[in-house]
Amino acid sequence: MGNTFGERLTARLRERGPLCVGIDPHAALLQQWGLSDDAAGLERFAGTVVQALAGEVAVLKPQSAFFERHGSAGIAVLERIVAEARSAGAIVILDVKRGDIGSTAAGYADAYLDQSGPLAADAITASPFLGYGSLRPMIDTATRNDAGVFVLAMTSNPEGATVQQAVGADGATVAQQIVTEAAADNAGAAPLGSVGVVVGATVGELGLHLASLNGPVLVPGLGAQGGTPADLRRLFAGLPGIIPSASRSVLSAGPDPAALLAAARRQIEELREVGLCA
């Protein structure tokens, strides 16, 4: 692809603004749009989002689970919309949250990060809770393919704190250790490394030191989940590579493509107004 993921992402955020829109075609949204809860409705939904947003929004994030629930036909839709979104210039983060060891981790890496594959994305989300080192096949494959990996660090779900905020013998939380290990993978990269972390917009006080990460931060939870631009300013002011992610607050404007684009543009302007820029 010619440039690292960190380079491409930084350029796209600067060009298009600091926003990721999740493509989350769950049953309630399909119904809201007047679509059937099957592969045909899924394709209409996802295709409309890509048509409306992929040429203007910096990042799109399809949630794989909502495609997988429709079986092979749903995966076929996912393949098409990932390719179409990337062709239109959007960075695509495939939200799969995979985490495993050895050859299985390598298999997931080949599926989503090898750029010769049918499901190739710009980046994926990954779970490090079998140990950060278990992600090495994914990170190495991403590096070879100029792709990226976003590692879960501090998520908004209440259950996550049990693991993520547990404190090790060195006094650091598990979440902080994940950030530290990602920072080591990003050392020396410019303008940003290609290993990011995921930090929820609604986690409250972070207690994380992100200044040394030298990589992007994907921040889900903006909008319908309760996260606000003011929260993002409080949590991430001055940090580069912040990628706020909204889903329902934009998608609920559909199915009219013009309304979807207008909703995304409003969100981008609100983020710029609080000083959140790439």
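## Parallel barrel and its packing in a predicted model

Ile93 has Ala123, a residue of strand β4, as its bridge partner. This pair belongs to the connection between strand β3 (residues 91-98) and strand β4 (residues 123-126), which run parallel and are joined by three bridges. The structure is a predicted model, and the description below proceeds from the barrel to the surrounding helices, the nonpolar cores and the chain as a whole.

**The barrel.** The chain contains 12 helices and eight strands. Eight strands close into a barrel, with parallel pairing, in the order β1-β2-β3-β4-β5-β6-β7-β8. From one strand to the next, the twist averages 30°. The table lists three of the strand pairs.

| Strand pair | Bridges | Direction |
|---|---|---|
| β3 (residues 91-98) and β4 (residues 123-126) | three bridges | parallel |
| β1 and β2 (residues 59-62) | four bridges | parallel |
| β1 and β8 (residues 242-246) | two bridges | parallel |

Strand β1 thus has β2 as a partner and β8 as another. Towards β2, Gly22 has Lys61 as its bridge partner; towards β8, Cys20 stands opposite Ser245. Strand β1 itself comprises residues 20-23 and is covered on both faces. Cys20 and Gly22 lie on one side, Val21 and Ile23 on the other, and all are buried.

**Helix α6.** Helix α6 spans residues 102-112, and its residues Ala105, Ala109 and Tyr112 are buried. Because the buried residues of α6 fall within an arc of 85° when seen down the helix axis, they line one face of the helix. The elements that cover these buried residues include β3, β4 and α7 (136-144). Strands β3 and β4, the pair joined by three bridges, are therefore among the elements over the buried residues of α6, which line one face of that helix.

**Nonpolar cores.** In soluble globular proteins, nonpolar side chains tend to be buried together. The largest nonpolar core here has 75 residues, and Leu53 and Leu60 are those with the most contacts inside it. Helix α3 (residues 39-53) gives the most to this core, contributing seven residues. Apart from its neighbours within four places in sequence, Leu53 is in contact with Val21, Leu60, Val250, Leu260, Leu261 and Ala264. One of these partners, Val21, is a buried residue of strand β1. A second, separate core has 14 residues, among them Leu9, Cys20, Ile91 and Phe150. Cys20, a member of that second core, is the residue of β1 that stands opposite Ser245.

**An exposed loop position.** Ala169 lies in the loop between α8 (161-164) and α9 (174-186). Its relative accessibility is 93%, so Ala169 counts as exposed, the cut-off being over 50%. Ala169 and Leu192 are separated by 23 residues in sequence and by 30 Å in space, C-alpha to C-alpha.

**The chain as a whole.** A compact globule of 278 residues would have a radius of gyration near 19 Å; the chain has 18 Å, and the two values therefore agree. Taken along the principal axes, the C-alpha atoms fill a box of roughly 55 × 45 × 40 Å. Of the 278 residues in the chain, 51% are buried. Among contacts with a separation of 6 or more, 73% are accounted for by residues 24 or more positions apart.

Methods
Residues numbered from 1 in each chain as written. Predicted model: local features only at pLDDT ≥ 70, side-chain atom pairs only at ≥ 80, totals over all residues. Heavy atoms only, no water. Pairing = 2+ DSSP bridges. Axes fitted to C-alpha atoms, helices over the stretch in contact; angles between N-to-C directions. Buried < 20%, exposed > 50% of the residue type's maximum accessible area, 1.4 Å probe, protein only. Arc of directions from axis to C-beta. Contact = heavy atoms within 4.5 Å. Core = buried A, V, L, I, M, F, W, Y, C linked by side-chain atoms within 4.5 Å. Rg over C-alpha atoms; globule rule 2.2 N^0.38 Å.
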